[in-house]
Amino acid sequence: MYRLNSFIVNIFLKFNFTDFMNYWQKIVDQYPVLIVLICFMLPFIEALFPVLPIIAFIAFNMQNLGLLWGFIVTVLGSTIGTYFVFLILNYSLSKKIRKKIERNPDVLKASRWLEKKGFVFCSLVMGNPFMPTSIFNYAFSLTRINRKKYFLIVLISRLLLVGSVTILGAAFSVEENPIAVIWVLLVYVVVYIIYLLLIKVFKNIKKRKRRNIMSKKSVRDVNLKGKTVLIRVDFNVPLKDNVITDDNRIVQALPTIKYIKEQGAKLVLFSHLGRVKEESDKAKSSMALVAKRLSELLEEKIIFVPETRGEKLEQAIKELQVGEILMFENTRFEDVPGKKESKNDPELGKYWASLGDVFVNDAFGTAHREHASNVGIASNIKEVVAGFLMEKEIKFIGEAVDNPEKPFVAILGGAKVSDKISVIENLINKADKILICGAMAYTFFSAQGYEIGTSKCEKDYVNYAKELLAKAKGKIILPVDNVVAKEFSETAESQIVLTKDLPVDQMGLDIGPETIKLFERELQGAKTVVWNGPAGVFEFKKFAVGTNAICKILAELENATTIIGGGDSAAAAIQMGYEDKFTHISTGGGASLEYLEGKELPGIASINNK
Ligand code: ADP
Ligand code: MG
């Protein structure tokens with residue numbers, strides 16, 4: 001055995017490694033715990049450099065632990081190390097930087113290429129001793145690869161790598177130890193088969209998990225009688241000069257509040273409001289106004305406690321009677337100092353959780369954030385359920401996108417391709433048609449080689465749009481005519497031109513009448529329609545015609561589920577009087593966008609499954 005290892009060492013390392021190993025051997029003999037420590041350390045080094053560390057690692061382990069255990073420890077240690085580095089990369093990049101990197105068209109192309117490559121290919125590339133796994137790790141951390149799948153790729157590639165190096169070493173020393181080869185091969189085959197079986201198990205787990213996402217527990221599924229119920233609502237209403245300019249968010253939460261009250265519970269409500277970055281922001285973002293408005297809407301008393309923690313709050317909750325409603329102060333007050341709410345400080349989530357028996361999360365608008373007032377509480381309390389508003393969002397946006405009744409048509413408009421890139425990527429595989437409008441369309445026209453005049457265009461994304469058009473194979477429908485004007489203004493003189501005739505000195509600000517007809521034809525018979533992003537600059541009446549027409553077409557569709565997800569598109573539809581004409585208008589701009597991207601939102605993930 002010793003000969004085998006020193007042989008590996010001699011072949012791959014030109015310097016005298018044996019002395020070094022002997023020295024180590026002495027130390028290790030004296031302090032056996034060192035082996036464990038080194039086994040933990042080496043994989044991290046191995047994950048960063050190719051060839052040398054892995055060979056030293058194999059030799060070291062085999063010398064100290066014997067062939068079989070050396071092999072197992074090497075494979076496992078090396079897998080865990082590489083995987084850990086991947087996780088660090090995955091979590092350490094801040095969301096903003098990630099988004100920037102992910103949206104870079106070249107990176108996008110590379111990561112899409114990698115996503116397409118098969119399991120075997122990736123395992124083989126990473127199993128190559130000259131491949132620094134760090135590069136692959138980094139690349140993979142940018143893709144949308146499933147973490148379990150990545151773990152398996154690493155594991156199999158490590159098996160290949162360690163196995164082949166060991167076999168190579170053993171093969172050269174057959175004369176001294178012929179059985180070693182058979183041993184290694186045997187272990188290799190057995191372990192390989194075990195992992196092939198494991199892949200099957202993992203696949204099943206993945207399927208089951210996906211189904212679970214659709215069946216979150218709701219307030220209806222728990223007994224609330226006599227319980228103190230913590231309710232995270234989204235009362236982040238727009239304020240102007242200390243007046244609430246739109247109370248829609250409060251109104252939307254009323255069904256959940258009324259239901260919980262009827263069940264004979266004690267209610268503790270809380271929400272964030274506005275931006276609280278420093279002490280001076282607190283004065284203008286107190287929840288007192290919201291509590292007052294809620295009291296008017298419910299026509300009953302709300303006990304408002306202007307604190308986010310402490311004895312006064314605890315006492316008030318203790319004294320709460322069945323059916324009474326208490327509201328405490330803006331959760332973001334905890335952001336000053338230390339960003340405890342926004343950074344999900346574990347102590348804060350635990351503290352808030354200790355104030356009640358059941359947690360109802362009804363704040364879809366913040367579901368894409370991992371804050372103490374949603375995820376933090378959820379991880380410290382047993383019963384976590386969705387409120388009615390949250391349930392509706394999960395049902396409509398989540399299910400419509402993951403499991404739509406076909407034909408499924410998506411309408412994507414708004415300002416930028418780069419904002420919607422992940423939505424397009426997600427929907428292109430799921431929708432039967434994608435109708436593109438808004439400023440986004442001009443980047444696509446540019447990709448088709450049309451003159452686009454002074455219209456908004458993201459030059460960096462022209463190539464991406466070109467590829468997308470090729471990939472979509474006719475799924476993408478673009479406007480055939482446009483309303484153009486010389487300047488970006490309410491009063492600008494406008495005219496209608498065909499897409500192929502866009503003038504050099506004008507910009508497209510809305511879709512034209514022929515496009516409206518085209519879209520109407522494409523939407524006939526659709527069973528599910530998801531709309532994100534207005535068709536034109538709807539803020540100017542003159543260029544709101546296209547957006548208005550889409551509202552009308554969707555309102556008149558029969559037997560179709562129609563959903564709006566997106567801040568501005570939702571605002572446009574409501575402002576144009578179509579509030580009740582859609583199956584669902586999402587209440588969360590950013591959250592609904594991320595939901596449409598197919599992401600699992602942390603706020604929703606933390607709700608218990610049925
Ligand atoms: P949402 O919030 O629904 O996701 P976006 O924020 O992506 O939508 O885009 C909305 C903005 O896009 C609006 O402010 C609108 O004025 C702008 N927009 C739409 N069409 C055009 C256009 N042709 N040129 C310039 N801006 C446009
Ligand atoms: Mg917007």
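This report walks through a few parts of a predicted protein model, from the whole chain down to single residues.

**The whole chain**

Let's start with the big picture. The protein chain has 610 residues, and 52% of them are buried. Its secondary structure comes to 25 helices and 17 strands. If you look at contacts between residues at least 6 apart in sequence, 74% of them join residues at least 24 apart. The surface that the chain exposes is about 28,900 Å², with carbon and sulfur atoms supplying 57% of it.

**Strands β4, β5 and β6**

Now find strand β6 in the structure. It pairs with two strands described in this table.

| Strand paired with β6 | Sense | Bridges | A residue pair |
|---|---|---|---|
| β4 | parallel | three | Leu267 with Ile325 |
| β5 | parallel | four | Ile302 with Ile325 |

Ile325 is therefore a handy landmark: in β6, Ile325 is the bridge partner of Leu267, and Ile302 stands opposite Ile325 as well. Which way do the residues of β6 point? Ile325 and Met327 point one way, while Leu326 and Phe328 point the other way, and all are buried.

**Helix α14 and its cover**

Helix α14 spans residues 311-318, and its buried residues are Leu313, Ala316 and Ile317. These residues lie on the same side of α14 because they cover an arc of only 100° around the axis. Turn to the face directed away from that buried side, and you will meet the exposed residues Glu311 and Lys318. What covers the buried residues of α14? The cover includes β1, β4, β5 and β6.

**A buried lysine**

Strand β4 covers residues 266-270, and Lys266 is found in it. Lys266 is buried but has no salt bridge. The nearest side chain of opposite charge belongs to Asp357, 6.9 Å away; a salt bridge would need a side-chain nitrogen of Lys or Arg within 4 Å of a carboxyl oxygen of Asp or Glu. Leaving aside residues up to four places away in sequence, Lys266 touches several others, among them Gly226, Thr228, Leu320, Val322 and Glu324.

**Helix α19**

For one more helix, go to residues 440-447. How many of the eight residues of α19 are buried? Seven are, so α19 is mostly covered. The buried residues of α19 are Met440, Ala441, Tyr442, Thr443, Phe444, Phe445 and Ala447. Just after this helix, Gly449 takes a positive phi of about 90°.

How values were computed: Residues numbered from 1 in each chain as written. Chains lettered and ligands numbered in written order. Predicted model: local features only at pLDDT ≥ 70, side-chain atom pairs only at ≥ 80, totals over all residues. Heavy atoms only, no water. Helix = DSSP H or I, 4+ residues; strand = E, 2+ residues; numbered from the N terminus. Buried < 20%, exposed > 50% of the residue type's maximum accessible area, 1.4 Å probe, protein only. Lys, Arg positive; Asp, Glu negative; His and termini not counted. Contact = heavy atoms within 4.5 Å. Arc of directions from axis to C-beta. Areas by Shrake-Rupley, 256 points an atom, 1.4 Å probe, with all protein chains shown as cover. Pairing = 2+ DSSP bridges.
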